[in-house]
Amino acid sequence: MSTTSELVFVPCPGAGHLASMVEMAKLLVDRDNRLSVTILIVKFPFDSEIDSHIESLVASVAARIRFVLLPRRNLSPRTSPLAFIHHLMESHKSDVQEAVAKISACGSPRLAGLVVDMFCTSMIDVAVEFDVPSYMFFTSGAAFLGIMLHLQSLQDEQHMDLTRLKGSDTELDFPCFANPLPAAKFLPLEVFMEEDCQLLLRCAQRFRETKGILVNTLAELEPRAIEALAGLGAPAVYPVGPILNIKVESKKGFEILNWLDQQPDGSVVFLCFGSKGTFEEHQAKEIAHALEQSGYRFLWSLRRPPAKGKLEAPCDYADPAEVLPEGFLNRTAGVGRVIGWAPQVAVLAHSAIGGFVSHCGWNSTLESIWFGVPIAAWPQYAEQQFNAFQLVVELGLAAEIKMDYRRDLSKGSDLVVTADEIEGGIRKLMEGEEAGERRKKVKEVSEKSRKALTEGGSSSLSLARFIEDVWSQ
């Protein structure tokens, strides 16, 4: 059967956002052979690795998915990553309009709608222009979506000045949670500047203009949060996750996987902090001291931060020893490895991994659940403050290292988490009765996440409902 309808995807250029939307496109075309997807690619001006990343994605997709690379825009750096992304996407609006116009003019397959990333809400205007529905792909969890919608309502409907909550102990009632929560403990407001607060809340305001929201979660993981979204004014919600690229990379070229083969099952602590995860020298030394004191086997992905004030991608250290305690690499050579970029999926899938020290990005969280690996939570950015809360308090899948750590990507951070705090989190992760219970729980949730995607599973049924709604427009 030939393709008769096409969806246009507009992802945010961040690696985690782009990869998730590509996996979403794969699910759709595999599920319904009448659908095709065009993915419009925006490139960061400073990210030289995105081209090779796109090439690998192109090689892995079906024939009914195509990529259109939009012209690269050389924007001047903004004061924050969120403001920069907002202005980058705005600068590409005319490019998206032109690309959609070409698709619409063909007539066959028919243009069925736009699916936009949570940070690309300005592209909803393009859907309106071409008189097609817009949908949003929310790359984080349902509860964070609920937080955004609730805060936006507090500001715009109840006229609350949210910026006054910075640093306060004010408790707010969030429909997604059973108990009131202190606003300043983990909400984005504490780390975002006022401009960022308003950008985030304007995004949330526009979520309600879409025909529906695809959320990268599963009903069994966040039942209360998903149920609460309708009362927060959300349109139709489709929990379709976990959306992951779980194809484990070949061992060829990954010497570190050969090293893991030689370690006992469940014995290695894996430390990895996402595509933006970096540490200054003083913090790297504290982590090193903690690992050495703990005595556990470890695999540590350590990356160099960009220069202060520059929005650039992290890179590997030419020589990690320059930021580590003197003699650390020699003293730990028998039990640990310090590397740069890590093949995270392949590592988490390995039987030697017994725990994951993570920044709690949503993709990393879902991957750890999928492979049944418990987490030591060290959230480093605003959104992840919530994700770690969800794990530690509601699901019991994570030990805590530092819940209120704060990072400013453009300015760095003077806050240091001590070696004792890190070591304590690692020990809670790896040893004792609580660790055993945690490991048991994460295995149970892992089974649920896999079942959700099988025929008749909750996410599979939700995806079918979305496809049906697309055809009914």
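Contact is taken here to mean heavy atoms within 4.5 Å. The structure described is a predicted model, and within it helix 6, formed by residues 142-156, lies across two strands, namely strand 5 (134-138) and strand 8. Relative to strand 5, helix 6 runs at about 120 degrees.

Both of these strands belong to an open sheet of seven strands, in which the order is 3-2-1-4-5-8-9 and the pairing is parallel. The edges of the sheet are occupied by strand 3 (65-69) and strand 9 (236-239). Each of these edge strands has a single partner strand, so one of its sides is left without a neighbour in the sheet. On average, and with direction ignored, neighbouring strands of this sheet are turned by 25 degrees against each other. At the edge formed by strand 9, four bridges link this strand to strand 8 (residues 212-215), and the two run parallel. Within this pairing, V237 of strand 9 is the bridge partner of I213.

Parallel pairing is also found around strand 11, which spans residues 297-301. Strand 11 is mostly covered, with four of its five residues buried. Strand 10 (residues 268-272) pairs with strand 11 in the parallel sense over four bridges, and V269 has F298 of strand 11 as its bridge partner. Between these two strands the chain passes through helix 11 (residues 281-294), and the resulting β-α-β crossover is right-handed. Strand 11 further pairs with strand 14 (residues 336-339), again in the parallel sense and over four bridges. In strand 14, I339 stands opposite S301.

A further element of the model is the packing of two helices, helix 14 (residues 362-370) and helix 17 (residues 433-453). Their axes are 7 Å apart and form an angle of about 100 degrees. Angles of 65 to 115 degrees count as roughly perpendicular, and helix 14 and helix 17 are therefore roughly perpendicular to each other. From helix 14, the contact is made by S368, I369 and W370. Helix 17 contributes V442, V445, S446, S449, R450 and L453. By residue class, the contact of helix 14 with helix 17 comprises five nonpolar residues, three polar residues and one charged residue.

Methods:
Residues are numbered from 1 along each chain as its sequence is written. This is a predicted model: local features need pLDDT of at least 70, side-chain atom pairs count only at pLDDT 80 or more; totals for chains, interfaces and linings use all residues. Side-chain values use heavy atoms; hydrogens and water are left out. Buried means under 20% relative accessible area, exposed over 50%, partly exposed in between (1.4 Å probe, protein chains only). Two strands pair if DSSP finds at least two bridges between them. A crossover is right-handed if, with the strands pointing away from the viewer, the path from the first strand over the helix to the second runs clockwise. Axes are lines fitted to C-alpha atoms, for helices over the stretch in contact, and angles run from 0 to 180 degrees between N-to-C directions. Angles under 35 degrees count as roughly parallel, over 145 as roughly antiparallel, 65 to 115 as roughly perpendicular and the rest as oblique. Ala, Val, Leu, Ile, Met, Phe, Trp, Tyr, Cys and Pro count as nonpolar, Asp, Glu, Lys and Arg as charged, and the others, Gly among them, as polar.
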